[in-house]
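Here are my notes for you, written as numbered points. Keep the structure open while you read and look up each residue as it comes along.

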Amino acid sequence: MEYVEYLTIAVTAAAVIIAVTALAPRAGVASPLVLVVLGAGVSLLPFVPAIEVPPELILGGVLPPLLYSAAVGLPSMDFRRDFAAIGGLSVTLVVISSVLLGLLFRWLIPDIDLATAIALGAIVSPTDAVATTIVKRLGASPRSVTMLEGESLLNDASALVLLRSAIAATAATVSLWEVVGDFAYAAGVAVLIGVPIGWVGLRIRRRLGHAALSTAMSFVVPFAAYLPAEELHASGLVAVVAAGLVTGNGSARHLRPQDRIAERSNWHTVELLLEGAVFLAMGIQLFDLIEDVERGNGSVLQAAGVAAIAGAVVLVVRAAFVTPLIGIQARRARRGEAVRETLSGFQDRIDLRVAATPPPAAGNTAVKGRRSTAARLERIQGTLRRRTADIDYVLAKPLGWREGTLLVWAGMRGVVTLAAAQTLPAETPGRSFLVLVAFGVAFGTLLVQGSTLPWVTRRLGLIGQDTTGDLPALRRETVRAARDFLADPRRPDGTPYDDGVVARVRKDMFREHESQDEDAELTRERFVQYRELRLAAIAAQREELLAARAAGTYDSAQLGDALDLLDAEQIAVEMRKGKLPIHSDDSDR
């Protein structure tokens, strides 16, 4: 095809993705499912040539940016708190599912050996991030969302490492310890690469001082982590996730607000187009895959039957794993409740000791010792405070049977399953049949679970959970910090600020904090009215500025500055939530 044809296909695909993403939620259907169906319909048109997307393009070109973006947006603190559960879902469950499905495929498809069957099991084991997008949009439990996000980030690497070992076993004998060692090496080296890449990326972006340059640099980071890890035969995807977690954890400290806003907006666009393109390509390849199976000795109906059985078994295995996991989390909460009282007692004694420790006087020979003691007490304070906060988090956001049901039903398959299936060696017996089975599992879970997930979430009563209850207390902490700082503020060169400037900053900051605290006191209806009126007033101001610009009565640079200030004010108002349920939808930001 000529470049004009490629350009036409790209523009048409982008337009379709945008339209489907905008319209599908209004019809209550998951947009990935619609894109797959549309792609399958397009592939039936006689003038559409057979399209085969190289799996390397998805694994090396699509997944790194998608996983990086998801990792940057993942709450690192919540990820740490539930790391054991997330690790169980993303590693242990993947291994169990791969082996059990391998035994099932070996029984259902006699022409393949056990290693190939386990490879196919590894292909259909990892979950997809589509479920997380749906659940976040519905406003489900943040803890459930974090666990689903963490699982979808890490289980891709687990499945691909296991797939690589299984494929190697088809050509040579591979022991269990070799598989374990391969996995440990792939994950360990990847973390050692991804963490410094994320750290260096933040430092470079901090020095750029330009939102567009900072965002452009963020596009480089996932590939800068992926490529060296793959060259060292480690997991490039784990390296990407590690770099993303480091970036997300440090962005608020090292990047300017303009950089973070620009990055978030641009990455949402990248996610939208990349994910949509993959699902559209899935559908377009479907009928070419069916023709390959029919030309061989396989049966499409048999592949559909195997896929349906595998999809049901995947759901059963996931439920069998999640059920005791929820029980373990409940026991953890009970133990934490018992330990919290002891920790509070320790915290009180440490606080009293810190208060009673006099500051070291200049010239005192015990200065270093006192500083060392004070630093040690502060570290103990921090540890106790963090441990207490972790217990409070578990108690405030318990995982019960409803959250467990959501975790089970949200385990859909998608992009990674399709990309991994394409990596099966060409000489694999019945390769097209196996790829079609993997496609059937992914499509079936998207169809059944994806289309019913909103209904299931509503029936479980997990829709629109409010997470704003602690905001007033959190704001009081920030007000206290501002008041302490403004007691004797100093400029970077050590000189004091003008008293009038200090008074004005103090008045402006505290007035805005008081207004934000009032948000939590308003009823939902009154807050909606407040935000609606504020935005309408801003719109009236903007209309007046635009009229002045059209009349040419003011300097264009001054008008531009005034419009920028209004834009900043509008963003600040739109980001205030009040008692509205917090969703991840950009329209609410």
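**Notes on the model**

1. Let's begin at a small spot: G552, which comes just after helix α20, has a positive phi of about 70°. Keep in mind from here on that this is a predicted model.

2. Now the helix before that glycine. α20 has 28 residues, which at 1.5 Å a residue should span 40 Å, and its end C-alpha atoms are 41 Å apart, so the two values agree. Its buried residues are F527, R531, I538, R542, L545 and A548. Take a moment to find the two arginines in that list, R531 and R542.

3. Next comes α21, covering residues 556-575. This helix has 20 residues and runs 29 Å from its first C-alpha to its last, close to the expected 28 Å. Which of its residues are buried? They are L559, L563, L566 and V573. Looking down the axis of α21, you'd see these buried residues fall within an arc of 80°, so they line one face of the helix. A bit of background helps here: an α-helix has 3.6 residues a turn, so residues three or four places apart point the same way. And what do the buried residues of α21 pack against? The partner is α20, residues 524-551.

4. On to the aromatic rings. The model has four aromatic pairs. One of them is F79 with F83, an edge-to-face pair with centres 5.6 Å apart and 70° between the planes. F79 has a relative accessible area of 10%, so it is buried. F83, at 46%, is partly exposed, because that value lies between the 20% and 50% cut-offs.

5. Compare that with F439 and F443. Their ring centres are 6.2 Å apart and their planes are at 10°, so this pair is stacked. Both residues sit in helix α17 (residues 431-459), four residues apart, which is about one turn of the helix. F439 counts as buried at 7% relative accessibility, while F443 is partly exposed at 25%. There is also an aromatic cluster to look for, formed by Y68, F219 and W267.

6. Here's a charged residue to check: E149, in helix α8 (residues 142-171). Is E149 buried or exposed? Its relative accessibility is 11%, so it counts as buried. Setting aside neighbours within four places in sequence, E149 is in contact with L74, P75, T132 and K136. Try clicking on each of those four to see how they sit around E149.

7. Zooming out, the secondary structure of the chain comes to 21 helices and zero strands. The chain has 589 residues, and 42% of them count as buried. Of the contacts between residues at least 6 apart in sequence, 80% join residues at least 24 apart. The chain exposes about 30700 Å², with carbon and sulfur atoms supplying 62% of that.

8. Last, a word on confidence. The average pLDDT of the chain is 80, and 86% of the residues score at least 70. Over residues 580-589, however, the pLDDT is below 50, although this stretch has 32 contacts in the model beyond near neighbours in sequence. Where pLDDT is low, the predicted coordinates should not be read in detail. Please keep that in mind when you look at residues 580-589.

Conventions:
Residues numbered from 1 in each chain as written. Predicted model: local features only at pLDDT ≥ 70, side-chain atom pairs only at ≥ 80, totals over all residues. Heavy atoms only, no water. Buried < 20%, exposed > 50% of the residue type's maximum accessible area, 1.4 Å probe, protein only. Contact = heavy atoms within 4.5 Å. pLDDT = per-residue confidence, 0-100. Expected span 1.5 Å × (residues − 1). Arc of directions from axis to C-beta. Phe/Tyr/Trp six-rings, centres within 6.5 Å; stacked < 30°, edge-to-face > 60°. Areas by Shrake-Rupley, 256 points an atom, 1.4 Å probe, with all protein chains shown as cover.
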